[in-house]
Amino acid sequence: MDNIVDRRRRFAEAARGECPDLALLCLLVGAEAATGFDQTVIADALGELDRLADEVARQRTGDGPGAWAQVLAEVLGGRHGFRGLPSDYGRLESSLLHHVLRRRRGLPILLSVVWIEVGRRLGAPVYGVGLPGHFVVGIGEPDDGQVLVDPFNGGRQLAAGDAELLVAGALGSTGTALSAGMFAPAEPLDIVARVLNNIRAWAAARPEHSGVQLWAIELGLLLPHHPAGLRLERAQLLVQRGEFATGAAEMEAYAELVASMDPAIADGIRQRARSARALLN
């Protein structure tokens, strides 16, 4: 794509549209990470989703949630090998849709995006379900015959209790109780925000990739709804990257934002801003 201004403007417009396009937004996230990323990459990725949908349509034999789950698993998980491995958590490519479409590997949430977007093209009742620590796909009405599948495991259908075990394994806990609200369809912008959170966490654990963390934060700030704390995270990261004056100014702006709600926190942030400015001397 031409430059960072064009990319960010397109991302913001897509995020604030009446019907946010999940696939396009995920591809625009990928544009931040890739050199030589242009409209052809986006067109090829969207074309691949179209081709996969055509394949599912030719294979489909029924309309119920179970039938959709079966045909999607046969085509995506079986024939094309979309699934994940523990090693995929260590790769940035696992969070970038155009790479996931090429490699057939990725994190649970990106594999779920493939399922959602293929299903959407066919009018299937397919949507994301953001369980704590592990993203899956729901098919059918959440409160009436919902079928849960795990794209990370090739589309394996989740029987009663499997979701709790998945979450317990992901969070390293036992006896995890899931409320009915956790099985509700995830909105496209919530999915994008979670993708960006994954990228931020991946980069935060690798200081040499602070630039990745920065663009993930900046894209998060372009979403219509985002945590105010992202502004402070960006300011702190700028200081870590040696941009002391800019980071300090953003800390001070954030302190003004929270001063009326918590003066003590605001004072602490102002002190950190002064410390950042002192590094200029």
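# Chatting through a predicted model

Colleague: Leaving aside its neighbours within four places in sequence, which residues is Arg272 in contact with?
Modeller: Start with where it sits: Arg272 lies in helix 12, a helix being a DSSP run of H or I with at least four residues, while a strand is a run of E with at least two, and both are numbered from the N terminus. Contact just means heavy atoms within 4.5 Å. With those close sequence neighbours left out, the contacts of Arg272 are Leu232, Gln236 and Met251.

Colleague: Before we go on, what kind of model is this?
Modeller: Residues are numbered from 1 along each chain as its sequence is written, and side-chain values use heavy atoms, leaving out hydrogens and water. Local features need pLDDT of at least 70, side-chain atom pairs count only at pLDDT 80 or more, and totals for chains, interfaces and linings use all residues: this is a predicted model.

Colleague: Does Arg272 count as buried, exposed or partly exposed, and at what relative accessibility?
Modeller: Buried means under 20% relative accessible area, exposed means over 50%, and partly exposed is in between (1.4 Å probe, protein chains only). So Arg272 counts as partly exposed, with a relative accessibility of 36%.

Colleague: How far apart should the ends of helix 12 be, and how far apart are its end C-alpha atoms?
Modeller: Helix 12 covers residues 263-278, which makes 16 residues at 1.5 Å each. The expected span is 1.5 Å times one less than the number of residues. That gives 22 Å, which agrees with the separation of the end C-alpha atoms, 23 Å.

Colleague: Why do the buried residues of helix 12 line one face, and what arc do they fall within?
Modeller: The buried residues are Ala266, Ile269, Ala273 and Ala276. Look down the axis and take the directions from it to the C-beta atoms, which is how the arc is defined. They line one face because the arc that holds these buried residues is 75°.

Colleague: Which helices do those buried residues pack against?
Modeller: First, the other side: the face turned away from the buried side of helix 12 carries the exposed residues Pro263 and Ala264. The buried residues of helix 12 pack against helix 10 (229-240) and helix 11 (244-258).

Colleague: Let's move to the sheet. Which are its edge strands?
Modeller: Two strands pair if DSSP finds at least two bridges between them. Here four strands form an open sheet in the order 1-2-3-4, with antiparallel pairing. Each edge strand pairs on one side only, and the edges are strand 1 and strand 4 (156-157).

Colleague: How many bridges join strand 3 to strand 4, and which residue stands opposite Asp150?
Modeller: Strand 3 (residues 144-150) and strand 4 run antiparallel and are joined by two bridges. Standing opposite Asp150, in strand 4, is Arg156.

Colleague: In the hairpin of strand 1 and strand 2, which residue takes a positive phi?
Modeller: Strand 1 (residues 126-131) and strand 2 (residues 134-141) pair in the antiparallel sense over six bridges. Their hairpin has two residues between the strands, and the one with a positive phi, near 80°, is Gly133.

Colleague: Which side chain makes a polar contact with the side chain of Tyr127?
Modeller: Tyr127 lies in strand 1, stands opposite Gly138 in strand 2 and, at 11% relative accessibility, counts as buried. A polar contact is a pair of N or O atoms within 3.5 Å; within protein, one must be able to donate a hydrogen and the other to accept it, and residues adjacent in sequence count only if both atoms are side-chain atoms. At 2.9 Å, the side-chain partner of Tyr127 is Gln146.

Colleague: Why is helix 6 largely enclosed by the rest of the structure?
Modeller: Helix 6 (residues 108-121) lies across strand 1, strand 2 and strand 3. Among its buried residues are Leu110, Trp115 and Glu117. Helix 6 is largely enclosed because the buried part of its 14 residues comes to 12.

Colleague: And which residue has its side chain joined to that of Glu218 by a polar contact?
Modeller: Glu218 is in helix 9 (residues 210-222), and it is buried, with a relative accessible area of 15%. Leaving aside neighbours within four places in sequence, Glu218 is in contact with Arg8 and Arg234. The polar contact, at 3.0 Å, joins the side chain of Glu218 to that of Arg8.

Key:
Axes are lines fitted to C-alpha atoms, for helices over the stretch in contact, and angles run from 0 to 180 degrees between N-to-C directions.
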